[in-house]
Amino acid sequence: MNDATDLAHIRQKVLRESKQDGIIEIWAGMFFMYYAVFFDNIAREIATEPAMVVFFIMICSYPLLYFTLIRNIFTYPRMGYVNINEKFPLAPILAFVVPVTTLPAITFVAVHWMRELVDIYLMLKWMSVLFGLAFGGLYFGLARGFALPAYYILATLAAVSGVVLSMIPQELPGVTVFLVLQSLLLLLYGSLSLFRFIRKYPRPKRASAGVKGNSDGR
Amino acid sequence: MVDKRQERAPATIAEIDRTIHEPARFLILAYLSVVESTDFLFLMNQTGLTKGNLSSHLSKLEASGYISIKKAFVLKIPRTHIRLSTKGRKAFDVYRRNMREVLDNLPLEGSG
């Protein structure tokens, strides 16, 4: 009874349960792998191909597909539907979106128009610190806002790896290695979440789905 | 200014809402109180109640006017939206307040 009366605990549980299909983390992993390739292209002084722009547009539109279609077809029939009216942690999201979108733009401008003035490799090396702090802040904000304990670990790993990679001499730019690490972590976390989700919530059979084929059993 | 709570006598056991007092229905309302809306499947997964049990309790809560149940279609898939009504939210808050007062006023073990 104590557990049931703790409404804050129930809300945290519902927030956590609603975010466990892992699909957004898998998407984020692919998204940051794209960024890693982008920065690697910049470092190798390869012009950004039109295909990269097309891919960027496609990968940015995926969340829309997820929230409008994939969740309704895949997630909700298994887990059930819930509308939480959650408060998105706006500050950490903005603190992440601003550097992650402006830094590639600044890099692009620097490479194409300021090559004589700017040491591109040095810029990319230290960019991992900024990305590390941005990622760390975002993960921390999501961990607190959506009650996702694993994100505290991701926050710590992001901040520490961002700093460490800027100091270790290596062939690839620090930001590229950082983004590859982040994408692999997110792909792993997302895949594990998806696997656990599918095992925990098998798709209900039509016969037991309720009267006249209602997907929610009532 | 006098605190309004001091004007009202503490709640008694007789004032406990028996519709909400049933543990399964209390749990259902607890979940509904923290969400905007949900469906049958989500409630069943979260509360651990069986389909028949949950359906029976939802019917009682709906008959009391504490919840609203509406069927809709999303991408041609039927979905049942369950949400706490205004009356239900108020009744739930009153129930929680009354329970706290009743428990606070229970004599301590070994006294009296």
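Modeller: A polar contact is a pair of N or O atoms within 3.5 Å; within protein, one must be able to donate a hydrogen and the other to accept it, and residues adjacent in sequence count only if both atoms are side-chain atoms. The model is predicted, with pLDDT of at least 70 required for local features and 80 or more for side-chain atom pairs, while totals for chains, interfaces and linings use all residues. Residues count from 1 along each chain as written, chains are lettered from A and ligands numbered from 1 in written order, and side-chain values use heavy atoms without hydrogens or water.

Colleague: How many residue pairs are in polar contact across the interface of chain B and chain A?

Modeller: The interface holds zero salt bridges (a side-chain nitrogen of Lys or Arg within 4 Å of a carboxyl oxygen of Asp or Glu). For polar contact, with both residues at pLDDT 80 or more, the number of residue pairs is ten.

Colleague: Which three residues of chain B supply the most buried area against chain A?

Modeller: The contact (heavy atoms within 4.5 Å) takes 33 residues from chain A and 32 from chain B. Carbon and sulfur atoms give 58% of the area buried between the chains, about 2,800 Å² (accessible area lost on being put together, 1.4 Å probe, summed over both). On the side of chain B, 20% comes from three residues, more than from any other three: B:Val34, B:Leu41 and B:Phe42.

Colleague: Is A:Ser161 buried or exposed?

Modeller: A:Ser161 touches A:Phe178 and A:Gln182, leaving aside residues up to four places away in sequence. Its relative accessibility is 14%. Because the limit is under 20% relative accessible area (1.4 Å probe, protein chains only; exposed is over 50%, partly exposed in between), A:Ser161 counts as buried.

How values were computed. Buried area is the accessible area (1.4 Å probe) that two parts lose on being put together, summed over both.
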